Amino acid sequence: MIKDSEIVKIGNPLLRKKTAKVVKFDKNLRDTVQKMKEIMIANNGVGISANQVGLNIQVSIARPKDKFYVFINPEITPIDAPTFMEEGCLSVPEKFGLVKRHNKVKIKYQDLRGKQRSLTATGFLAHIIQHEIDHINGMLFVDKANEIYEIDNSQKTQN
Ligand code: ZN
């Protein structure tokens with residue numbers, strides 16, 4: 001269970017561990033996802049991963065607009081060549097950077113019931129899920145960004 005609503009920040013070793021696969025698709029998992037959504041919304045995020053709320057499991061959520069996507073044990077295959085895009089992160093306050101991301105990816109994942117699914121994502125959703133999969137693999141955007149700058153994040157979206 002998520003112990004508190006505080007987002008885990010850079011410097012915490014939890015963000016640097018490759019997370020464990022989800023094997024139990026139960027009520028606890030559904031409650032965890034619900035709580036993650038609430039924390040993401042409260043922090044004005046467009047995506048969040050379980051290790052950002054203190055859990056060592058492969059669960060990521062994306063909300064490019066008003067629709068939620070829940071990815072459990074996700075894996076991605078890039079479909080096009082990457083380009084630089086700006087991004088920020090709830091775990092790295094007030095920093096943004098340019099990171100190479102694909103505009104089109106195929107995502108294989110499981111849903112809340114454990115059913116295998118796949119989705120071809122483009123644009124912002126594709127961008128978010130690449131950031132989230134980095135999270136569950138213990139990586140942060142600052143590891144990849146070719147330029148990092150500080151900015152008032154009140155007007156920016158983050159994941
Ligand atoms: Zn992030």
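**Group meeting: helix 2, salt bridges and cores**

Okay, let's start with helix 2: twelve of its 14 residues are buried, so this helix is largely enclosed by the rest of the structure. Before I go on, keep in mind that this is a predicted model.

So which residues of helix 2 are the buried ones? Reading along, they are Leu-125, Ala-126, His-127, Ile-128, Ile-129, Gln-130, His-131, Glu-132, Ile-133, Asp-134, His-135 and Ile-136. The helix itself covers residues 123–136, and from first C-alpha to last it reaches 21 Å, close to the 20 Å you'd expect at 1.5 Å a residue. After the helix comes Gly-138, with a positive phi near 85°.

While we're on positive phi, there are a couple of non-glycine cases to look at. Asn-44 has a phi near 60°, and you'll find Asn-44 in the loop between helix 1 and strand 1. With 47% relative accessibility, Asn-44 counts as partly exposed. Then there's Asn-73, also not a glycine, with a positive phi of about 50°. Asn-73 sits in strand 3, residues 69–78. Is Asn-73 buried or exposed? Buried, at 6% relative accessibility.

On to the charges. Side chains of opposite charge can pair when their charged atoms come close. How many salt bridges does a search of the whole structure find? Eight. I'll walk through some of them.

Take Arg-16 and Asp-143, where the closest N and O atoms are 2.7 Å apart. Arg-16 is in the segment before helix 1 and Asp-143 is in helix 3, so this pair ties together parts that are 127 residues apart in sequence. Both ends are partly exposed: Arg-16 at 40% relative accessibility, Asp-143 at 41%.

Now look at Arg-101 and Glu-87, whose side chains meet in a salt bridge at 2.8 Å, N to O. Here we go from strand 5, residues 92–102, where Arg-101 sits, to strand 4, residues 82–89, which holds Glu-87; the two are 14 residues apart. This one is on the inside: Arg-101 is buried at 2% relative accessibility, and Glu-87 is buried too, with a relative accessible area of 4%. And there's a bit more to this pair, as Glu-87 and Arg-101 are linked with Asp-134 and Lys-144 in a network of salt bridges. You've heard Asp-134 already, in the list of buried residues of helix 2.

One more pair: Glu-150 and Lys-95, with the closest N and O atoms 3.6 Å apart. Glu-150 is in strand 8, residues 147–150, and Lys-95 is in strand 5, which puts them 55 residues apart. Glu-150 is exposed, with a relative accessible area of 61%, while Lys-95 is partly exposed at 29%.

Those strand numbers bring us to the sheet. In what order do its three strands run? It's 4-5-8, an open sheet with antiparallel pairing. Strands 4 and 8 stand at the edges with a single partner strand each, so one side of each has no neighbour in the sheet. Ignoring direction, neighbouring strands here are turned by 25° against each other on average. If you zoom in on strands 4 and 5, eight bridges join them, and one partnership to pick out is Cys-89 with Val-92 of strand 5.

Last topic, the nonpolar cores. The largest has 17 residues, and Met-36, Ile-48, Val-59 and Ile-61 have the most contacts inside it. Which elements give two or more residues to this core? Helix 1, strand 2 and strand 3. Helix 1 provides the largest share, five residues.

Click on Ile-61 if you want to see how this part is put together. Leaving out residues up to four places away in sequence, Ile-61 touches Val-33, Met-36, Lys-37, Met-40, Val-46, Gly-47, Ile-48, Phe-68, Tyr-69, Val-70 and Glu-132. Glu-132 in that list is one of the buried residues of helix 2.

There's also a second, separate core of twelve residues, which includes Ala-62, Phe-71, Ala-126 and Ile-129. Ala-126 and Ile-129 are again among the buried residues of helix 2, so to speak back where we came in. That's it from me.

Note on methods: Residues numbered from 1 in each chain as written. Predicted model: local features only at pLDDT ≥ 70, side-chain atom pairs only at ≥ 80, totals over all residues. Heavy atoms only, no water. Salt bridge = Lys/Arg side-chain N within 4 Å of Asp/Glu carboxyl O. Helix = DSSP H or I, 4+ residues; strand = E, 2+ residues; numbered from the N terminus. Buried < 20%, exposed > 50% of the residue type's maximum accessible area, 1.4 Å probe, protein only. Expected span 1.5 Å × (residues − 1). Pairing = 2+ DSSP bridges. Axes fitted to C-alpha atoms, helices over the stretch in contact; angles between N-to-C directions. Core = buried A, V, L, I, M, F, W, Y, C linked by side-chain atoms within 4.5 Å. Contact = heavy atoms within 4.5 Å.
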